[in-house]
2 protein chains.
Amino acid sequence: MNPSSSAFLTDLYQLTMLQGYFDAKMDRIAVFEFFVRRLPANRNFLVSAGLDQVLDFLESFECTAQELGWLEASGNFSREFVSHLRTTRFTGDVHAMPEGEIFFANEPILRVTAPIAEAQVVETRIVNLLHFQALIASKAVRCAITAPGKALVDFGLRRAHGAEAGLLAARACYLTGFTATSNVLAGQTYQIPLSGTMAHSFIQASDSEVEAFRRFALANPNNVTLLLDTYDTEAAAEKVVQLAPTLKSQGISIRGVRLDSGDLGEHARRVRRILDDGKLQEVSIFASGNLDEFELQRLVRSGAPIDGFGVGTRVLTSADAPYLDCAYKIQEYNGRPLRKLSEGKATWPGRKQVYRSYRSGRMESDVITLEDDKMPGEALLQPVMRNGKRLRSNVTLFEIRQRVADQLRQLPPGLLSLECEEQHFPVSISDSLQEMARNLSLAYASKNSRSSA
Amino acid sequence: MNPSSSAFLTDLYQLTMLQGYFDAKMDRIAVFEFFVRRLPANRNFLVSAGLDQVLDFLESFECTAQELGWLEASGNFSREFVSHLRTTRFTGDVHAMPEGEIFFANEPILRVTAPIAEAQVVETRIVNLLHFQALIASKAVRCAITAPGKALVDFGLRRAHGAEAGLLAARACYLTGFTATSNVLAGQTYQIPLSGTMAHSFIQASDSEVEAFRRFALANPNNVTLLLDTYDTEAAAEKVVQLAPTLKSQGISIRGVRLDSGDLGEHARRVRRILDDGKLQEVSIFASGNLDEFELQRLVRSGAPIDGFGVGTRVLTSADAPYLDCAYKIQEYNGRPLRKLSEGKATWPGRKQVYRSYRSGRMESDVITLEDDKMPGEALLQPVMRNGKRLRSNVTLFEIRQRVADQLRQLPPGLLSLECEEQHFPVSISDSLQEMARNLSLAYASKNSRSSA
């Protein structure tokens, strides 16, 4: 079983609802949109990511014979319905913001238009994919903003939430501007540059630290980065200085050293001095250990002589905000716009579009409106799938990285701050959309009130 | 590609170290242990989980021809080494605490004894699997403790961090005592009971709320749970009362209603009154929406008439503590005990065992000691794999659930509080282990100090 493409990556209620749609012959076109209700405390903007995986999932959606046999044996679904599921594919249309687009609360970043059962059954996995990659891209981009010109490497696979989280997070980090990942499978799957040095165990298992350094250099002559903090960081730096001439005589240059504990800024200063005194000015210093964008900012602002950072757990779990308040909600059925009124969770109805305006090369404001309204500005949702088929081949990660970099230059500079800006980016709801919402609320109120029930 | 079993779920540095071990002919037995350095703020204990997946991974460890071809083409590894990797399997031994065991900081829950390259290359995935399931089990168990006698259903797949996270978290929740999951793939994979009702979209797409209720009941006559909060919760409850006799005449009973927004306790009270007044005393009330153990405790203590809860995002991301400070560290190589001295990350050396003492049926204290020490109490680490093969067939989830339930009864009652107990569970380090650690530190200090470098 390859769990990442199973049609059963869904909630049971999707299937019970599908049985209901099937029995009631409800098969008309529905429109669902994915959006984030509000931004976490420390985010001034979010970065869209995960569309490529969503389109893969939709294109290959199919229940296996084994899955269907199991479902029928459960006894909770009719034979006719299970038989119908056998031939169910995703045949709908998708509009979406491109990956790497900056977006804000309430803006749909993906819209699905399909027969209601098809649009419904894919909800869970669509949310699962878009939520997680947007979550990580929106966290990782803060590291990229904070440490410009520094190498940034994703070290997070081990404490990511499972294998797929590690894989997709490596991708999300890279598209925001990271330099590399340590995740070998991500390197192979997405052609992300790989980076890796040595662990403490390599040094501990050797008879001495200097012997471990020598062995590692001989085994990996093009990638000699030596870990200094197993016993005593500065003592290890002096051993690097002593070892360097011998290695040089064998044609091997030491590329870098890594610090992984203690006060990284202070160790970096001391180690830089030892390396420089030992004529190893070209050896770079790489730091890791409990880093996130706040710690990167502190180290960068302090002027610590660190050339690159390995970030892991706190970024790959988005530790300060490990989820987004997001939803995939029905907006229209059979041409009729719909609105949910649940307390604190009311939705904006209808098929929507987001228009973005710029002034002097900077994003100025967004407006959320109905699809048919024509507004000035750039329409951010574009068709990406028609009748279940992608409209173009995959966008490369390189193009997405470029888009993120371009967008960051276009953001109002205040939004680049790590702290929450008092001045939110202006996102307005158009008059036509407000009117539709108001009218639907009134209509529901008269139809569903207790008195008329 | 099935990403969950790939040997490339590893960090590049594991492979660069393996090249180093290979070149230096370092192939003796190493011992690594997995442990959590400290507990998160809101955890008085942790629950071990994920061992079954670790053993699966070790038993099937193998690089594919495609992976090896890619690795060789990268140019960073020798042809001889890549050829050696082709035949590399995991042939070592594993000792572990059983899944469902309660454990504390610094206690190894898994020990790998294998030729160093084999023990090294599996580090990343072992941490990835054990960390995540222990994280979620340790969060989910707090819900189970807080809401005894209530139905608890995992709703979290959509905001779990990827597909595997959703799958493994469903398992972790279930083994701590959850009733069911909404995750269809988890139901199929692990035989976890499935539970699911309807979403707002089903109601919105229908011509009226009562028509949606009727359709759903006809399509799922054995599982009629109706969602009340799409427009007006209490008005919907009255519609349920009006609909019930018609359904009853068709042989269909309404099992429950679900609340998903607003003040859940207050809505539950009002809905209970409406249902009872309508002679629907047997219809249960199920609540969902931003729930975690703290909110469950508040609702349960307030006496809200809620029979079951759906918990999702906050539990499946362990939102208040989305990672554990854990490690998989070398403790011995070729019979020589090892200690890492990195600031704030020093390890206890050697092959270790944890002994647990009980008094009057309650856990009293743990002691961490060397494997060869014989101590009173129960030895928690037991052999589970020898020469790369499991020693027994899989433990069932039912057995693990039973273990968790038994262990919770044996815990000192103060530790069951959701708040952090001032009185930690007593875990001591034996004299022999302290002496070994001291001696190793002294030996390293003389060998690795700057003056002797």
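Why is strand 10 (residues 284–288) of chain B largely enclosed by the rest of the structure? The legends below take up this point and then turn to other parts of the model, which is predicted.

**Figure 1. Strand 10 of chain B and its two parallel partners.** Four of the five residues of strand 10 (residues 284–288) of chain B are buried, so this strand is largely enclosed by the rest of the structure. Strand 9 (residues 256–259) of chain B runs parallel to strand 10 of chain B and is joined to it by four bridges. Within this pairing, B:Gly256 has B:Ser284 as its bridge partner. Strand 10 of chain B also runs parallel to strand 11 (residues 308–311) of chain B, and three bridges join these two. Here B:Ala287 is matched with B:Phe309 of strand 11 as its bridge partner.

**Figure 2. Two right-handed β-α-β units that include strand 10 of chain B.** One unit consists of strand 9 of chain B, helix 12 (residues 264–277) of chain B and strand 10 of chain B, and it is right-handed. The other is made by strand 10 of chain B, helix 13 (residues 293–301) of chain B and strand 11 of chain B, and it is right-handed as well.

**Figure 3. An open sheet of four strands in chain B.** The order of the strands is 16-14-15-19, and their pairing is mixed. Strand 16 (378–379) and strand 19 (427–429) of chain B form the edges, each pairing on one side only. Strands of a sheet are held in such pairs through backbone hydrogen bonds, in either the parallel or the antiparallel sense. For strand 15 (residues 362–370) and strand 19 of chain B the sense is parallel, over three bridges. B:Asp366 stands opposite B:Val427, a residue of strand 19 of chain B.

**Figure 4. The contact between chain A and chain B.** Chain A contributes 95 residues to the contact, and chain B contributes 95 residues. On the side of chain A that touches chain B, helix 1 (residues 12–23) of chain A gives the most, with eight residues. The residues on this side of chain A comprise 41 nonpolar, 36 polar and 18 charged. How do the copies meet? Because 100% of the interface residues of chain A are also interface residues in chain B, the copies meet through the same surface.

**Figure 5. The relation between the two chains.** Chain A is superposed on chain B by a rotation of 180° with 0.0 Å of shift along its axis, at an RMSD of 0.0 Å. This is the relation of a two-fold axis.

**Figure 6. The surroundings of A:Cys173 in helix 7 (residues 163–175) of chain A.** Is A:Cys173 buried or exposed? A:Cys173 has 31 C-beta neighbours inside 10 Å and therefore counts as buried. Leaving aside neighbours within four places in sequence, the residues in contact with A:Cys173 are A:Ile136, A:Ala140, A:Asp154, A:Phe178, A:Thr181 and A:Val315. A:Val141 is 32 residues from A:Cys173 in sequence, with a C-alpha to C-alpha distance of 7.3 Å.

**Figure 7. Members of the largest nonpolar core.** This core has 291 residues, of which A:Ala140, A:Leu226, B:Ala140 and B:Leu226 touch the most other members. Not counting residues up to four places away in sequence, B:Ala140 touches B:Ala172, B:Cys173, B:Thr176, B:Phe178 and B:Val315.

**Figure 8. Gln191 in chain A and in chain B, with positive phi.** Most residues other than glycine have a negative phi. A:Gln191, which is not a glycine, has a positive phi near 55°. A:Gln191 lies in the loop between helix 8 (184–190) and helix 9 (200–205) of chain A. With 12 C-beta neighbours inside 10 Å, A:Gln191 counts as exposed. In chain B, B:Gln191 has a positive phi of about 55°. The loop between helix 8 (184–190) and helix 9 (200–205) of chain B holds B:Gln191, and B:Gln191 counts as exposed with 12 C-beta neighbours inside 10 Å.

**Figure 9. Chain A as the setting for the close-up views of that chain.** Chain A contains 16 helices and 19 strands. The C-alpha trace of chain A spans about 85 × 55 × 40 Å along its principal axes. Of the 453 residues of chain A, 55% count as buried.

Technical notes: Residues are numbered from 1 along each chain as its sequence is written. Chains are lettered from A and ligands numbered from 1 in the order in which they are written. This is a predicted model: local features need pLDDT of at least 70, side-chain atom pairs count only at pLDDT 80 or more; totals for chains, interfaces and linings use all residues. Two strands pair if DSSP finds at least two bridges between them. Two residues are in contact if their C-beta atoms, placed from the backbone, lie within 7 Å. Ala, Val, Leu, Ile, Met, Phe, Trp, Tyr, Cys and Pro count as nonpolar, Asp, Glu, Lys and Arg as charged, and the others, Gly among them, as polar. A residue is buried if 20 or more other C-beta atoms lie within 10 Å of its own, exposed if 12 or fewer, and partly exposed in between; C-beta atoms are placed from the backbone. A crossover is right-handed if, with the strands pointing away from the viewer, the path from the first strand over the helix to the second runs clockwise. Copies are superposed by least squares on the C-alpha atoms of residues with pLDDT of at least 70 in both. A nonpolar core is a set of buried Ala, Val, Leu, Ile, Met, Phe, Trp, Tyr and Cys residues joined through C-beta atoms within 7 Å.
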